[in-house]
Amino acid sequence: MSTTIPRLYTARICPFAQRPRIVAALKNIQLEEEEIDLTNKSASFLEVNPQGKVPALKIRPDSDTMVESLVVAEYLDEVSEGPSLMGADPEERAYTRQWIAWFGDNYIPTFYQFMRAQEAAEQAEKREKLEAALEVFEAQARKKAGEGPFLTGSTVGMLDVATVPFFERIAVLTHYRHWVLPARFEFLHRWLKAMDSTPYAKTKATDEYLVEKYVSYAKTVSPK
């Protein structure tokens with residue numbers, strides 16, 4: 001990597017912004033992190049990143065600002081030493097991208113809909129839909145990884161990086177919706193325990209922090 005230390009604009013509340021922080025922790029990449037208040041974005045931040053999105057990466061003072069969590073995460077992976085988190089060959093990389101996309105289409109929207117559902121009937125519907133997505137995700141992980149302990153095998157990969165921040169935020173559903181990850185998802189429970197033994201753990205927020213910061217989500221009606 002360049003001798004200039006890249007600056008990462010991030011926000012601890014945001015699971016997407018956590019992705020490049022996890023890559024940096026796993027691959028021992030030095031970054032200058034700047035915490036952004038998403039409710040009151042500074043003029044200096046908007047000057048370098050008019051979209052106002054996190055994460056955002058400034059590789060050098062004169063470089064274009066890089067945005068989108070997976071773009072930033074893959075860039076950091078590519079320019080760092082060690083095996084690629086994306087996989088060793090095109091087939092593995094395609095698999096990783098496919099299941100990150102599946103997770104983004106099936107788990108993430110339902111997760112937030114469940115969090116924002118105010119009526120008991122809607123909460124029950126979203127809980128059922130979320131658990132159905134988890135059934136598919138766990139079955140695929142078992143098929144791909146065998147005993148794991150990670151989602152694509154014996155080492156951490158980008159699929160782990162991209163998805164684990166959303167499991168971390170199940171603490172919010174536990175607090176506001178009285179839902180925990182059911183015990184029947186044995187592989188996912190073992191996976192989360194294994195992830196906590198990696199440098200990913202350094203990027204985690206406390207449950208108390210997440211519960212406090214997500215109160216507005218939990219008490220806001222889900223958009224139709």
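In which loop is the place of Pro55? Pro55 sits in the loop that runs between helix H2, residues 43–48, and strand E3. I begin there, colleagues, since the peptide bond leading from Val54 into Pro55 is cis, its omega being near 0°. Please bear in mind throughout that what we are looking at is a predicted model.

A second cis peptide bond links Gly148 to Pro149, with omega at about 15°. Pro149 has its place in the loop between helix H6, which covers 120–145, and helix H7. As general background, most peptide bonds are trans, and most residues other than glycine have a negative phi.

That brings me to backbone torsions. Asn28 has a phi near 55°, which is positive, and the residue is not a glycine. Asn28 belongs to the loop between helix H1, residues 15–26, and strand E2. With a relative accessible area of 73%, Asn28 is exposed. Glu68 is likewise not a glycine, and its phi is positive at about 80°. Glu68 is placed in the loop that connects E4 and H3. Is Glu68 buried, partly exposed or exposed? Its relative accessibility is 39%, so Glu68 counts as partly exposed.

Let me turn to the sheet. It is open, consists of four strands in the order E2-E1-E3-E4, and has mixed pairing. Strand E2, at 32–35, and strand E4, at 65–67, each have a single partner strand; they therefore stand at the edges, and one side of each has no neighbour in the sheet. On average, neighbouring strands of this sheet are turned by 25° against each other, with direction ignored. Helix H3, residues 69–79, packs on the sheet and touches E1, E4 and strand E3, which spans 56–58. The direction of H3 makes about 115° with that of E4.

For background, strands of a sheet pair through backbone hydrogen bonds, in either a parallel or an antiparallel sense. Strand E1, residues 7–10, pairs with E2 in the parallel sense, and four bridges connect the two. Within this part of the sheet, Thr10 stands opposite Glu35 of E2.

Next, the interior. Which residues have the most contacts inside the largest nonpolar core? They are Tyr107, Leu188 and Trp191, in a core of 70 residues. Helix H7, residues 158–168, contributes the largest share of this core, namely seven residues. Taking Tyr107 as an example, and leaving aside neighbours within four places in sequence, we find Tyr107 in contact with Trp102, Leu130, Leu134, Phe166 and Ile170.

One charged side chain also deserves our attention, and that is Arg177. Arg177 is found in helix H8, which covers residues 170–177. Its relative accessibility is 11%, and because the limit for a buried residue is under 20%, Arg177 counts as buried. Beyond the neighbours within four places in sequence, Arg177 is in contact with Phe114, Met115, Arg116, Ala117, Gln118, Gln123, Val172 and Ala218. Arg177 and Arg127 are 50 residues apart along the chain, and their C-alpha atoms are separated by 9.3 Å.

Finally, the empty space. How many cavities of 30 Å³ or more are there? The count comes to one. The largest cavity holds about 40 Å³ of space. Its lining consists of Tyr95, Trp99, Phe137, Gln140, Ala141, Leu151 and Leu159. Helix H4, residues 90–106, and H6 each supply at least two residues of that lining, and the largest share, three residues, comes from H6.

The largest pocket contains about 400 Å³ of space. Which residues of its lining lie nearest the centre of the largest pocket? Among the 22 lining residues, they are Ser84, Leu85, Thr155, Val156 and Gly157. H4 and H7 each give at least two residues to the lining of this pocket. Here the largest share, three residues, is supplied by H4.

To close, I return to two helices. H7 gives the largest share of the nonpolar core and also supplies at least two residues of the lining of the largest pocket. H4, for its part, supplies at least two residues to the lining of the largest cavity and the largest share of the lining of the largest pocket. Thank you for your attention.

Technical notes. Residues numbered from 1 in each chain as written. Heavy atoms only, no water. Core = buried A, V, L, I, M, F, W, Y, C linked by side-chain atoms within 4.5 Å. Buried < 20%, exposed > 50% of the residue type's maximum accessible area, 1.4 Å probe, protein only. Contact = heavy atoms within 4.5 Å. Pairing = 2+ DSSP bridges. Axes fitted to C-alpha atoms, helices over the stretch in contact; angles between N-to-C directions. 1 Å grid on protein atoms, 1.4 Å probe; cavity = no way out; pocket = protein on both sides within 12 Å on 5 of 7 lines; lining within 4 Å. Points joined across faces, edges and corners; volume = space filled by probe spheres on them.
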